[in-house]
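Biologist: Got a minute to go through this one with me? Let's put it on screen.

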Amino acid sequence: MSESMIPSEPGGAADGVLAHLHAAERGHRAQEARLHQALGELAQAHDARRRLEAELERERRAAAEAREAAEAQWRTVREIHRSLFGGDVHRLVLQASLAISGGTRGMYLAEGRSGRPRVRAAIGFDAPRGAEPSPFIAALAARVLAENDSVVCNDLGDIDALPRPDERVDRFRNLVAAPVVLASTPGGVVVVADKESGDFVESDVESLLSVGDQAGVALRNADLKRELQSAYVSTITMLADAVEAKDPYTHGHCEMASRYARLVAERLELADYDSALVCYAALLHDVGKIGVSDGVLHKPGPLLPEEMELMRAHVRVGHDLLCTIPALRAVADVVLHHHEWYDGAGYPDGLRGEQIPMPARIVAAVDAYCAMVTRRSYKEAYTREHARAELLRCAGTQFDPDVVQALLAVLDDPESLDRDDDDWAECGMPPDFLALAAQAD
């Protein structure tokens, strides 16, 4: 037998190699296990990172939505308070509530003189202002007012102890009702229904309550504004009455001039501010005659030069008098210049053309026409045809030609006829109230 065929003895070199291989294999498996563990940990880290990124993205979206909601709410509050100077506060509050909550229909309800709730504004409902709501909505509003708390209903079956909704008028998918608080007292209820996406949630209720708080402030301010406006109107009425008491020939003249001036301003498409300015200036353009002596004011014949100067002074007297009333300071400037001529030959400052404020140009033409068609101490009334001819003859010299054409168009319109004894009330708010609204833009 050859030497190579002899088996190795146990414990020989071959066993050592085999043992080394086994050790290497065990080391490789351990390394492989550590690698798998590291890969697992890496995968977990990636999963954790993805979860963190997803959470951060959700928080970013939530923050963006919260920021948009806050900005929308601020715009809403701003619009509510701006509405004090024009528009319907109740409807604006309802529009804001729908926009913020996502509702598509709604009502603003407040107690009427009978003590029962009445509709103050409605969107998406066939409910005119002043109407009584359905028994279901009335009972819902009564609960909100009694508890001074909101009611959320994403399933109409959840509301107990209320009349059954009328399918013809109370067909809601979901709704929320929130109180409007006025000076710590419930002042109304906003009901919004049929949210576009999903159910009403707590944030919707919080937004409505915030709008309700601001609406309460706005409504209280609106009441105060009406009281202040009433005081101004009373002052204006007193001034106008004082002019007529001083000069009986002016009876009805100021009211007529005020009406025609407002209609001319509308035809010339003046802004609301200027239209109010024209209307009040026409009403009060002769208030300065309070300072003119009766002998001059009622003189049947031509005035002497000195008497003419006294008469012309009425524009400055009127200006100075009206300047003492804050809401009429802009009106005072129109009164000062309503005897300026388009060609510069008028008084007190000899202004011409575009130098004369448009409201003063309107009052000038309207005042002249109304004076011509009424009887005065020094003349009989002209016919309307004669007065119209005089307007055309003096267009371009005494009067602005565009104003003359607008006035003639107003006189041709049957709607311009005097149909009541209180035309000045159509002037609306004194101009400076509108100026405050414009400053809020």
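**Working through the model**

Modeller: Leu-21 is exposed, because its relative accessible area is 52% and the cut-off for exposed is over 50%. Keep in mind that this is a predicted model.

Biologist: Where does Leu-21 lie?

Modeller: In helix α1, which covers residues 13-82.

Biologist: Which residues form the nonpolar patch on the surface?

Modeller: Val-17, Leu-18 and Leu-21. Together they have about 280 Å² of accessible area.

Biologist: Switching to the strands. How do β1 and β2 run?

Modeller: Antiparallel. Strand β1 spans residues 105-111, and 6 bridges join it to β2.

Biologist: Which residue stands opposite Ala-122 in β2?

Modeller: Met-107.

Biologist: And how many residues of β2 are buried?

Modeller: 6 of 7, so the strand is mostly covered. Strand β2 is residues 117-123.

Biologist: Now charges. How many salt bridges does the structure hold?

Modeller: 11. One of them pairs Arg-116 with Glu-132. Their closest N and O atoms are 3.1 Å apart.

Biologist: What does that pair tie together?

Modeller: Parts of the chain that are 16 residues apart in sequence. Arg-116 sits in the loop between β1 and β2. Glu-132 sits in the loop between β2 and α3, the helix at 135-147.

Biologist: Are those two buried or exposed?

Modeller: In between. Arg-116 is partly exposed at 42% relative accessible area. Glu-132 is also partly exposed, at 41%.

Biologist: What about α5? Which residue does Arg-262 meet in a salt bridge?

Modeller: Glu-266, with 3.0 Å from N to O. Both residues lie in helix α5. They are 4 residues apart, about one turn of the helix.

Biologist: Why does Arg-262 count as buried?

Modeller: Because its relative accessibility is 13%, and buried means under 20%. Its partner Glu-266 is partly exposed, with a relative accessible area of 46%.

Biologist: And Arg-267, what does that one bridge to?

Modeller: Asp-413, with the closest N and O atoms 3.8 Å apart. This pair links distant parts of the chain, 146 residues apart. Arg-267 is in helix α5. Asp-413 is in the loop between α13 (401-412) and α14 (431-439).

Biologist: How accessible are Arg-267 and Asp-413?

Modeller: Arg-267 has 42% relative accessibility and counts as partly exposed. Asp-413 has 27% and also counts as partly exposed.

Biologist: Which residues are joined into one network by salt bridges that share partners?

Modeller: Arg-116, Arg-118 and Glu-132.

Biologist: Last topic: Leu-268. Where is it found?

Modeller: In the loop between α5 (253-267) and α6 (272-284).

Biologist: Leaving aside neighbours within four places in sequence, what is Leu-268 in contact with?

Modeller: Met-358, Ile-362, Asp-402, Val-403 and Ala-406.

Biologist: Take Asp-402. How far is its C-alpha atom from that of Leu-268?

Modeller: 8.6 Å, and the two residues are 134 apart along the chain.

Biologist: Why is Leu-268 called partly exposed?

Modeller: Because its relative accessible area is 28%. That falls between the cut-offs of 20% for buried and 50% for exposed.

How values were computed:
Residues are numbered from 1 along each chain as its sequence is written. This is a predicted model: local features need pLDDT of at least 70, side-chain atom pairs count only at pLDDT 80 or more; totals for chains, interfaces and linings use all residues. Side-chain values use heavy atoms; hydrogens and water are left out. Helices (H or I, at least four residues) and strands (E, at least two) are DSSP runs, numbered from the N terminus. Buried means under 20% relative accessible area, exposed over 50%, partly exposed in between (1.4 Å probe, protein chains only). Contact means heavy atoms within 4.5 Å. Two strands pair if DSSP finds at least two bridges between them. Patches are made of residues with over 30% relative accessible area and no salt bridge: like charges are joined within 9 Å, nonpolar side chains (Val, Leu, Ile, Met, Phe, Trp, Tyr) within 5 Å. Accessible areas come from the Shrake-Rupley method with a 1.4 Å probe; for residues, only the protein chains shown count as cover. A salt bridge is a side-chain nitrogen of Lys or Arg within 4 Å of a carboxyl oxygen of Asp or Glu.
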